[in-house]
Amino acid sequence: MDQSVANANAFNAEFQDLITRHAWRDIWGRPGLDDKTRRFMVLSTTIALGAWEEFEMHVQAAIEAQPESRLTTEDIKEVIMQSAIYCGVPKANHAFKLAGALLKTRGLLS
C-alpha cells in the first residue's frame, strides 16, 4: 500500500486514494477476519483471477508480515495446492513458479 501511494501521480492519485480507503481501510481493516485468513483468501483469489502482479505483491507481503499474520512457505504451498483443484492446474503451476522465484530470492527456498 505504501509503495502504491508513494508512486501516485496527477493521473492516478484519485484511484490510489480510492484503493487505499476502500481495500485497505474499509475492507482489510474490518474485524470479521484475522489478517492471516485474509492473506490466504487474497492469494487464492489472485490465483483464480490470474492477477499475477497482485499475487506476487501479496506473497511478498505475506512473508514480510508481522509474525501473527505471516504466512510460511508451507502455508503458501498449501494455498497453491488447493488452487490447483479449484482454479486449475495451469494457474497453480504459474503460481508455484512466481512464488518459488520470490521465496528463493528471499532465501526461503534453496
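1. Let's start with helix 4 and helix 6, in what is a predicted model. Helix 4 and helix 6 are oblique to each other, because their packing angle is about 45 degrees and an angle counts as oblique when it falls outside the ranges for roughly parallel (under 35), roughly perpendicular (65 to 115) and roughly antiparallel (over 145). Their axes lie 10 Å apart, and the crossing of helix 4 and helix 6 is right-handed.

2. Who meets whom here? On the helix 4 side you will find Trp52, Phe55, Glu56, Val59, Gln60 and Ile63. Facing them from helix 6 are Lys91, His94, Ala95, Leu98, Ala99, Leu102 and Leu103. Sorted by class, this contact of helix 4 with helix 6 holds nine nonpolar residues, two polar ones and two charged ones.

3. Next, look at helix 3 and helix 4. Their axes come within 8 Å and cross at roughly 160 degrees. That angle makes helix 3 roughly antiparallel to helix 4, since the cut-off for roughly antiparallel is over 145 degrees. The crossing of helix 3 and helix 4 is left-handed.

4. The residues that make this contact are worth finding in the viewer. Helix 3 brings Arg39, Val42, Leu43, Thr46 and Ile47. Helix 4 brings Trp52, Glu54, Phe55, His58, Val59, Ala61 and Ala62. In terms of class, the contact of helix 3 with helix 4 has eight nonpolar, two polar and two charged residues.

5. Histidine 58 deserves a closer look. Is histidine 58 buried or exposed? Histidine 58, which sits in helix 4, counts as buried because its relative accessibility is 11%, and the cut-off for buried is under 20%. Setting aside residues up to four places away in sequence, histidine 58 touches Trp24, Val42 and Leu43. Threonine 46 is twelve residues from histidine 58 along the chain, and the C-alpha atoms of the two are separated by 8.8 Å.

6. Now for helix 3 (residues 35-49) and helix 5 (residues 73-86), which pack at an angle of about 40 degrees with their axes 10 Å apart. Helix 3 and helix 5 are therefore oblique to each other. Helix 3 passes helix 5 in a right-handed crossing. From helix 3 the contact takes Lys36, Phe40, Leu43, Ser44 and Ile47, and from helix 5 it takes Asp75, Ile76, Val79, Ile80 and Ser83. Those residues of the contact of helix 3 with helix 5 divide into six nonpolar, two polar and two charged.

7. You may have noticed some names coming back, so here is the core. How many residues does the largest nonpolar core have? The count is 17, and the residues with the most contacts inside this core are Leu43, Ile47, Phe55, Val59, Ile76, Ile80 and Ala99. Helix 3, helix 4 (52-64), helix 5 and helix 6 (89-105) each supply at least two residues of this core. Which helix gives the most to this core? That is helix 6, with six residues.

8. Isoleucine 80 is a good residue to click on. Not counting residues up to four places away in sequence, isoleucine 80 touches Ile47, Phe55, Ala92, Ala95, Phe96 and Ala99. Isoleucine 80 is also one of the helix 5 residues in the contact with helix 3.

9. For contrast with the core, turn to helix 2 (residues 13-27), where arginine 25 lies. Arginine 25 is exposed because its relative accessible area is 53%, and exposed means over 50%. Leaving aside its neighbours within four places in sequence, arginine 25 is in contact with Thr20 and Arg30. Arginine 25 and arginine 106 are 81 residues apart in sequence, and their C-alpha atoms are 28 Å apart in space.

10. Last comes aspartate 26, which also lies in helix 2. Aspartate 26 is partly exposed, with a relative accessible area of 41%; that class covers values in between the buried limit of 20% and the exposed limit of 50%. Aspartate 26 and alanine 8 are 18 residues apart in sequence and 20 Å apart in space, C-alpha to C-alpha.

Terms used. Residues numbered from 1 in each chain as written. Predicted model: local features only at pLDDT ≥ 70, side-chain atom pairs only at ≥ 80, totals over all residues. Heavy atoms only, no water. Axes fitted to C-alpha atoms, helices over the stretch in contact; angles between N-to-C directions. Helix = DSSP H or I, 4+ residues; strand = E, 2+ residues; numbered from the N terminus. Left-handed = near helix turned anticlockwise from the far one by under 90°. Contact = heavy atoms within 4.5 Å. Nonpolar A, V, L, I, M, F, W, Y, C, P; charged D, E, K, R; others polar. Core = buried A, V, L, I, M, F, W, Y, C linked by side-chain atoms within 4.5 Å. Buried < 20%, exposed > 50% of the residue type's maximum accessible area, 1.4 Å probe, protein only.
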